[in-house]
Amino acid sequence: SHWDCYYTVKSKTRFHSGRLEAVTRALGIEGKTSIDPDVWNEARLGYPDAVAEVLAHNDGDVLILEELCKELRPFVKVIRKSI
């Protein structure tokens, strides 16, 4: 089974945005960082330092998302259904 926190946020909350930054800020979960668009572009072009920065940023997002999912878990109704 698969559970996407985004859909729980959209259906169970009234936050102004479903973006990870907005939701974690509203719930008091710290650690979300932003990344300069120039770094994203450099990473896309393969610059090693930029790629390393983007990977570190993504690792941090995974940890924050895990914490968010723990906060949202009580609001999830699990339904077993086959296709």
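A disulfide is a pair of cysteine sulfur atoms within 2.5 Å. By this rule, the count for the structure before us comes to one disulfide. I should state at the outset that this is a predicted model.

Allow me to begin with that disulfide. Which two cysteines does the disulfide join? The partners are Cys-5 and Cys-69, with a sulfur-to-sulfur distance of 2.2 Å. Since the cut-off is 2.5 Å, the pair satisfies the rule. The link connects distant parts of the chain: Cys-5 belongs to helix 1, residues 5-12, while Cys-69 belongs to helix 4, and the two are 64 residues apart.

Are Cys-5 and Cys-69 buried or exposed? Both of them are buried. For Cys-5, the relative accessible area is 4%. A residue counts as buried under 20%, and therefore Cys-5, at 4%, is classed as buried.

What surrounds Cys-5, once its neighbours within four places in sequence are left aside? Cys-5 is in contact with Leu-65, Cys-69 and Leu-72. By way of a separation elsewhere in the model, the C-alpha atoms of Cys-5 and Pro-37 are 25 Å apart, and these residues stand 32 residues apart along the chain.

I turn now to the packing of two helices. Helix 2 covers residues 20-27 and helix 4 covers residues 48-72; their axes lie 11 Å apart and meet at an angle of about 50°. How should such an angle be described? Angles under 35 degrees count as roughly parallel, and those from 65 to 115 as roughly perpendicular. An angle of about 50° falls in neither range, and the two helices are therefore oblique to each other. In addition, the crossing of helix 2 past helix 4 is left-handed.

Which residues make this contact? From helix 2 come Leu-20, Val-23, Thr-24 and Leu-27, and from helix 4 come Asp-61, Ile-64, Leu-65 and Leu-68. Sorted by class, the contact between helix 2 and helix 4 comprises six nonpolar residues, one polar residue and one charged residue.

Asp and Lys count as charged, so let us look at Asp-61, which lies in helix 4. Is Asp-61 buried or exposed? Its relative accessible area is 18%. Because the limit for a buried residue is under 20%, Asp-61 is buried. Leaving aside neighbours within four places in sequence, Asp-61 is in contact with Leu-20 and Lys-32. Leu-20 is one of the helix 2 residues that make the contact with helix 4.

Key: Residues are numbered from 1 along each chain as its sequence is written. This is a predicted model: local features need pLDDT of at least 70, side-chain atom pairs count only at pLDDT 80 or more; totals for chains, interfaces and linings use all residues. Side-chain values use heavy atoms; hydrogens and water are left out. Axes are lines fitted to C-alpha atoms, for helices over the stretch in contact, and angles run from 0 to 180 degrees between N-to-C directions. Helices (H or I, at least four residues) and strands (E, at least two) are DSSP runs, numbered from the N terminus. Angles under 35 degrees count as roughly parallel, over 145 as roughly antiparallel, 65 to 115 as roughly perpendicular and the rest as oblique. A crossing is left-handed if the near helix is turned anticlockwise from the far one by less than a right angle, and right-handed if clockwise. Contact means heavy atoms within 4.5 Å. Buried means under 20% relative accessible area, exposed over 50%, partly exposed in between (1.4 Å probe, protein chains only).
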